[in-house]
Each structure stands twice: as structure tokens, then as C-alpha cells.
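Please open the structure in a viewer and keep the sequence at hand. The tour below proposes a series of selections and describes what each one shows.

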Amino acid sequence: MTEIICSGFGGQGVLTAGLILADAAMEAGKYVTWYPSYGSEMRGGTANCNVKISSEEIASPYCADGEVDILFTLNNAAIDKFEHTLRPGGLLLVNSSLVEPERKYREDVTVVKVPANDIAAEEGNTHGVNLVMLGALAAASADFDAGEMCEAVDYYFYKKKGKKYPANAACFKRGAALAAEQLG
């Protein structure tokens, strides 16, 4: 089972990123749970979702402390709140556009820093921060195929919502390339 927490400010696309992960896993024939948390925090406060992906049925949608495989963070508050949930050897994805450069991280996890806001702005898609980070996640985790995940992004926006944005794929691919470069 792969356990993922996506977290950031409301309005950054954190819940959408989780939905895209869940959609991709369902298309691959996996069992999936997606458990959002936003309430009154939407549009500016902290928002997050728990995503679990498994080849077997999943008993609980909640990701327990110390068992999270991947932590997808879009700001400092997300790291502060959820870094302790990562298992040793887990993957921490950091939006380095919004996180102070001198920040210290746990030494027992892999950290991938992605200037997602900067990349999204360069691609002319300021709403694509979450897609840059999804690209990084797909490239940094052996649990995902970057090509299939990029197709899932297109499926989510074009097939489900009827919106075709070429800049979405550009954001995703830049995030994937940067993560692959960092992990060598």
C-alpha cells in the first residue's frame, strides 16, 4: 500500500492533486481512498487530503503517523504539520518557491525541492503549481509512471472537465524533469 498526504493552502490545488492521484490509480485497477480535509480552511487556510493506493481493499482512508510514504507539501505550514507522519525512508516533496531555503528537514527521508510556483509562472499557468509537484512526485516515486500520470492529468482536466490546457502538461513535465535530475 502507498500512503500519501497532499497539503498546502486552500486554493493551491492540493485536493485536485489528490483526486488526480486517485483517478490514475483507479484507472490502473487499484483500490483507492481519498480523504479530504478543508472545512473552513478553504481558500487560504490549510487544506490537505489523504490518499491510499493498494492492490488490496483498504480498511481506513486515514494515513497514520509514521506510515506515510509520500508527503506532498506546498508551503511551510504543510511541512510543520505533517513531516512527522512520514515513515523513515519516505519521500518529502517541497515547493521551494514558498519554503525558506535554510529550512532543516529530517535526515531519514528523501527531500525533493521543486520551485513549483516559479515553474508554473514561467509556463504561464499560475494555477499549475500542483501539477509541477505531481510531475515531481511521479518522477521521484517508483510507485508511479510519469507518462501515465501525465495522461491522468489530461484526463482529469480534459475528459472530466472539458478544459484543454497545454500548459498543464508543460508544468507536469518540468516538475518531473527537475525531480529526476535531483535524484540522479
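Begin by selecting Glu-100, which is partly exposed, with a relative accessible area of 30%. The model is a predicted one, and the values given on this tour are computed from it. Add Arg-103 to the selection: the side chains of Glu-100 and Arg-103 form a salt bridge, at 4.0 Å from N to O. Arg-103 has a relative accessibility of 14%, and therefore counts as buried, the limit being under 20%.

Next, select Asp-80, whose side chain meets that of Arg-103 in a salt bridge of 2.7 Å, N to O. Asp-80 is in helix α2 (residues 76-82), while Arg-103 belongs to the loop between β5 (86-95) and β6, so this pair ties together parts that are 23 residues apart in sequence. Unlike the buried Arg-103, Asp-80 is exposed, at 53% relative accessible area.

Now show Arg-106 together with Asp-108. A salt bridge joins their side chains, at 2.8 Å from N to O. Arg-106 is partly exposed, with a relative accessible area of 23%, and Asp-108 is likewise partly exposed, at 37%. Through salt bridges that share partners, Asp-80, Glu-100 and Arg-103 are joined into one network. In the whole structure, a search finds 7 salt bridges.

Turn then to the strands. Strands of a sheet pair through backbone hydrogen bonds, either parallel or antiparallel. Select the open sheet of 6 strands and follow its order, β2-β3-β1-β4-β5-β6, in which the pairing is mixed. Its edge strands are β2 (31-37) and β6 (110-114), each of which pairs on one side only. From one strand to the next, the twist averages 15°.

Select β1 (2-9). How many of its residues are buried? The strand is mostly covered, with 7 of its 8 residues buried. To β3, β1 is joined by 8 bridges, and the two strands run antiparallel; on this side, Cys-6 stands opposite Cys-49 in β3. To β4, β1 is joined by 4 bridges, and here the strands run parallel; Ser-7 stands opposite Thr-73 in β4.

Move on to β2 and β3 (residues 46-54), which pair in the antiparallel sense over 7 bridges. Within this pairing, the residue to find opposite Ser-54 in β3 is Tyr-31. Then display helix α1 (residues 14-27), which packs on the sheet and touches β1, β2, β3 and β4 (68-73). The direction of α1 makes about 10° with that of β3.

Finally, keep α1 selected and add helix α5 (residues 146-160). Two packed helices are described by the angle between their axes and the distance between the axes. For α1 and α5, the angle is about 110° and the axes are 9 Å apart. An angle from 65 to 115 degrees counts as roughly perpendicular, so α1 is roughly perpendicular to α5.

Which residues of α1 and α5 should be displayed to see where the helices meet? In α1, select Thr-16, Leu-19, Ile-20, Leu-21, Asp-23, Ala-24 and Glu-27. In α5, they meet Met-149, Ala-152, Val-153, Tyr-155, Tyr-156, Phe-157 and Lys-160. Colouring this contact by class shows 10 nonpolar, 1 polar and 3 charged residues.

Methods
Residues numbered from 1 in each chain as written. Predicted model: local features only at pLDDT ≥ 70, side-chain atom pairs only at ≥ 80, totals over all residues. Heavy atoms only, no water. Pairing = 2+ DSSP bridges. Axes fitted to C-alpha atoms, helices over the stretch in contact; angles between N-to-C directions. Contact = heavy atoms within 4.5 Å. Buried < 20%, exposed > 50% of the residue type's maximum accessible area, 1.4 Å probe, protein only. Parallel < 35°, antiparallel > 145°, perpendicular 65-115°, else oblique. Nonpolar A, V, L, I, M, F, W, Y, C, P; charged D, E, K, R; others polar.
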